[in-house]
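Subject: Structure handover

Hi,

Here is the structure we talked about. Please open it first; my notes follow below.

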There are 2 protein chains.
Amino acid sequence: MLQHHDVDTLFQALAVAPRRAMVERLSRGPATVSDLAQPFEMSLAAVVQHLQVLEACGVIRSEKIGRVRTCTLQPQGLAPLEAWIAERRGEAERRYDRLGQILAERFPTSPNPPSKDDQ
Amino acid sequence: MLQHHDVDTLFQALAVAPRRAMVERLSRGPATVSDLAQPFEMSLAAVVQHLQVLEACGVIRSEKIGRVRTCTLQPQGLAPLEAWIAERRGEAERRYDRLGQILAERFPTSPNPPSKDDQ
DNA sequence: GTGATGCTGAAGCATGGACTTAAGTATCTG
DNA sequence: CAGATACTTAAGTCCATGCTTCAGCATCAC
């Protein structure tokens with residue numbers, strides 16, 4: 001039973017455009033391997049390899065009936081990614097709130113002077 | 001004026017563990033290039049390259065003062081990723097709702113006005 | 001000034017992984 | 001049964017990119 005897949009494999013899996021396209025397709029409903037391969041130029045073998053990556057990291061699951069393998073999106077497969085992103089924003093917001101609080105205490109007027117950038 | 005950095009470069013940028021670690025560090029507050037390099041074995045040049053990738057895709061920004069470049073997290077930098085994930089789940093949930101509706105129409109278990117349009 | 005610090009850019013190496021082709025295994029159809 | 005379909009696996013190629021070293025450039029400290 002594969003669960004709690006780490007963020008690393010998830011990011012790596014979704015860093016490849018065809019794999020994201022397959023996830024997008026599957027978010028609109030189950031599909032067979034051939035269905036998923038149809039929009040692509042690449043060989044069927046390559047598609048199968050992508051699907052193996054997606055299944056290994058818990059984004060999809062698949063079931064073979066007869067000759068046909070049908071893939072579906074795993075409902076909570078993307079959850080660790082969402083959690084990671086939310087955590088990053090959470091940290092930043094907590095910091096920002098603290099900063100705002102400190103600034104409000106010291107300078108009870110406007111928050112922020114403009115900054116200049118370089119390149 | 002948020003540049004629409006595409007999901008592809010964002011996923012690719014965050015698919016690399018050291019880059020994610022740098023983002024995690026920056027979510028706890030700004031840091032210089034040397035600060036960010038400190039936890040790693042790799043050369044400073046490699047760290048700089050990672051930071052360039054992160055800045056190019058809008059996850060961080062940086063400002064150089066004197067010899068020192070200070071990096072900060074770009075508040076909305078991860079938003080396109082969140083949006084992509086949310087959209088995938090949104091699709092799946094809409095499908096699930098439609099399925100529930102269809103099942104409810106065909107096998108009414110509760111008081112249920114029949115609808116004319118059918119798909 | 002000299003030297004140290006903090007990056008920056010360029011060139012090159014080396015490994016991973018996305019792809020290919022080709023051959024193989026079930027499964028279905030007639 | 002033969003043949004077609006739907007994958008599956010193995011082996012090999014090739015290119016992107018993460019990393020290195022090294023040389024260079026401001027900036028700061030003395």
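A word on terms first: helices here are DSSP runs of H or I with at least four residues, strands are E runs of at least two, and both are numbered from the N terminus. Please keep in mind that this is a predicted model.

**DNA strand C**

By that numbering, α4(A) provides the largest share of the surface near DNA strand C, namely five residues. In total, 22 residues surround this strand. Closest are Ser43(A), Ala45(A) and Gly66(A), together with Val33(B) and Ser34(B). Chain A gives two or more residues through α4, and chain B does so through α3 (33-37), α4 and β3 (68-73). The class split is 11 nonpolar, six polar and five charged residues.

**DNA strand D**

Around DNA strand D there are 23 residues. Val33(A), Ser34(A), Met42(B), Ala45(B) and Gly66(B) come nearest. At least two residues each come from α3 (33-37), α4 (44-56) and β3 (68-73) of chain A, and from α4 (44-56) of chain B. Here α4(B) gives the most, with five residues. By class, the surface near DNA strand D has 11 nonpolar, seven polar and five charged residues.

**The two chains**

How is chain B placed on chain A? A rotation of 180° does it, with 0.0 Å of shift along the axis and an RMSD of 0.1 Å. That is the relation of a two-fold axis. Both copies use the same surface: 92% of the contact residues of chain B recur in chain A.

In the contact itself, 24 residues of chain B meet 25 residues of chain A. On the chain B side, α1 (7-14), α2 (17-26), β2 (60-65) and α5 (79-106) each give two or more residues. The largest share comes from α5(B), with eight residues. The chain B side divides into 11 nonpolar, three polar and 10 charged residues.

**Inside chain B**

One helix pair deserves a note. The axes of α2(B) and α4(B) come within 10 Å and cross at roughly 70°. Angles of 65 to 115 degrees count as roughly perpendicular, and α2(B) and α4(B) are therefore roughly perpendicular to each other. From α2(B), the residues in this contact are Pro18(B), Arg19(B), Met22(B) and Val23(B). They meet His50(B), Leu51(B), Val53(B) and Leu54(B) of α4(B). The contact has six nonpolar residues, one polar and one charged.

Best wishes

Conventions
Residues are numbered from 1 along each chain as its sequence is written. Chains are lettered from A and ligands numbered from 1 in the order in which they are written. This is a predicted model: local features need pLDDT of at least 70, side-chain atom pairs count only at pLDDT 80 or more; totals for chains, interfaces and linings use all residues. Copies are superposed by least squares on the C-alpha atoms of residues with pLDDT of at least 70 in both. Two residues are in contact if their C-beta atoms, placed from the backbone, lie within 7 Å. A residue is near a molecule or strand if its C-beta atom, placed from the backbone, lies within 6 Å of it. Ala, Val, Leu, Ile, Met, Phe, Trp, Tyr, Cys and Pro count as nonpolar, Asp, Glu, Lys and Arg as charged, and the others, Gly among them, as polar. Axes are lines fitted to C-alpha atoms, for helices over the stretch in contact, and angles run from 0 to 180 degrees between N-to-C directions. Angles under 35 degrees count as roughly parallel, over 145 as roughly antiparallel, 65 to 115 as roughly perpendicular and the rest as oblique.
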